[in-house]
Amino acid sequence: MAGRFAPRPTRATVRGGETVVPAAGIPRQAAAPGAVRVWVPGGPLDLGLVLGPLRRGPGDPTFRTMPDGSVWRASRTPAGPGTLRVTARGGEVRGEAWGPGAEWLLEQLPRMLGAEDDPSAFVPRHRLLAFTAHRRPGLRLGRTGLVLESLIPSVLEQKVTTLEAYQAWRLLVRKFGEPAPGPAPGRMCVMPTARTWAMIPSWEWHLAGVDDKRASTILRAVRVAARLEEAARMEPAAAQERLELVSGIGPWTSAETVQRSHGAPDAVTVGDLHLPGIVGFALGGDRYADDAEMLRLLEPYAGQRHRAARLVLLSGRVPGRRAPRMAPRGIERL
């Protein structure tokens, strides 16, 4: 039986952006044809690793993996809502898209799959990173070109458990978003417009388990949505500076955003509860490492620190739990 099944993702590898994409097996039913683009990547490509960071939990209404090996995404593009289906077979990637944003999504497809990423720039200086990079040749850092799409769920993840954040994103998108265009799998939705986010009543944030601080940050961000989306055309460091001009958005949130919107290889997440200890344990044997120690350990990878941190997470080498998992606060029940 050994080797017949792929290992199940752990809590660390999932956070590192590992999403299981089934091997092609069950054919999908015929669907209304959409716009199509075929792209041949310049090297190995693992859809689960490249697109995994874009999924906000197993119930994310904007992201779906299917038994036929396809990955579906519903996005709000500058041209309007769009649905994208991506498959990779025989060394080529096929993208199909529907809705007003279809052409924009297909134009962005290579960048979203890491065409502008350069994995060869990463030189591993630790055995664990070298081994993990060898085992994960299909890892690429993709660039969505969409800022709010990554910013809003990152704000929802501030200071709460991932389960609480995923639930809030799922409830708000399903209630205030719109159905994904085309033959998308059931209940897929496009996230709300900036105006719709701004009009969500206070009690709906509360029912979704979002406290006033995070809700207010999102409201401040969507009021300057156009200016924030302009950051997609800026260098990652400059984009982070612009995002952090909004009160409530700090280095943690801005880094989590540009990692996805820009494919930023050096945007390391600081201010995280768990990441310093994970990196410290993997690279230095120090499970109690703080941000300063994590940055010291990642210093040899300047310019590629985010990629190094992702490889650490994907390695699965994490310290054991020191305490029970933090219980959700459940403010919606108050």
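In the predicted model, helix α5 passes helix α12 in a right-handed crossing. The axes of α5 and α12, the latter spanning residues 251-261, come within 8 Å and cross at roughly 145°. On the side of α5, the contact is made by Ser150, Leu151, Ser154 and Val155, while α12 contributes Trp252, Thr253, Glu256, Thr257, Arg260 and Ser261. Divided by class, the residues of this contact comprise 3 nonpolar, 5 polar and 2 charged.

Two residues of this helix contact, Ser150 of α5 and Arg260 of α12, also appear in the lining of the largest cavity. The volume of this cavity is about 100 Å³, and the model holds 2 cavities of 30 Å³ or more. Besides Ser150 and Arg260, the lining of the largest cavity includes Leu54, Arg56, Thr62, Arg73, Ala74, Glu149, Trp169 and Met191. At least two residues of this lining are supplied by each of β3, which covers residues 71-77, and α5, which covers residues 148-156. In terms of class, the lining of the largest cavity has 4 nonpolar, 2 polar and 4 charged residues.

The second largest cavity contains about 40 Å³ of space, and its lining is formed by Arg73, Ser75, Trp104, Leu105, Gln108, Leu109, Met112, Thr144 and Leu146. Two elements, β3 and α3 (residues 102-112), give two or more residues to the lining of this cavity, and it is α3 that gives the most, with 5 residues. The lining of the second largest cavity divides into 5 nonpolar, 3 polar and 1 charged residues. Arg73 is thus found in the lining of the largest cavity and also in that of the second largest cavity.

The strand β3, which supplies residues to the lining of the largest cavity and to that of the second largest cavity, belongs to an open sheet of 5 strands. The strands of this sheet follow the order β1-β5-β4-β3-β2, and their pairing is antiparallel. At the edges of the sheet lie β1 (residues 35-39) and β2 (residues 63-65), each of which pairs on one side only. From one strand to the next, the twist averages 20°.

Within the sheet, the edge strand β2 runs antiparallel to β3, to which it is joined by 3 bridges. In one of the pairings between strands, phenylalanine 63 has arginine 73 of β3 as its bridge partner. Arginine 73 therefore links several parts of this description, as a bridge partner in β3, as a lining residue of the largest cavity and as a lining residue of the second largest cavity.

Terms used: Residues numbered from 1 in each chain as written. Predicted model: local features only at pLDDT ≥ 70, side-chain atom pairs only at ≥ 80, totals over all residues. Heavy atoms only, no water. 1 Å grid on protein atoms, 1.4 Å probe; cavity = no way out; pocket = protein on both sides within 12 Å on 5 of 7 lines; lining within 4 Å. Points joined across faces, edges and corners; volume = space filled by probe spheres on them. Helix = DSSP H or I, 4+ residues; strand = E, 2+ residues; numbered from the N terminus. Nonpolar A, V, L, I, M, F, W, Y, C, P; charged D, E, K, R; others polar. Axes fitted to C-alpha atoms, helices over the stretch in contact; angles between N-to-C directions. Left-handed = near helix turned anticlockwise from the far one by under 90°. Contact = heavy atoms within 4.5 Å. Pairing = 2+ DSSP bridges.
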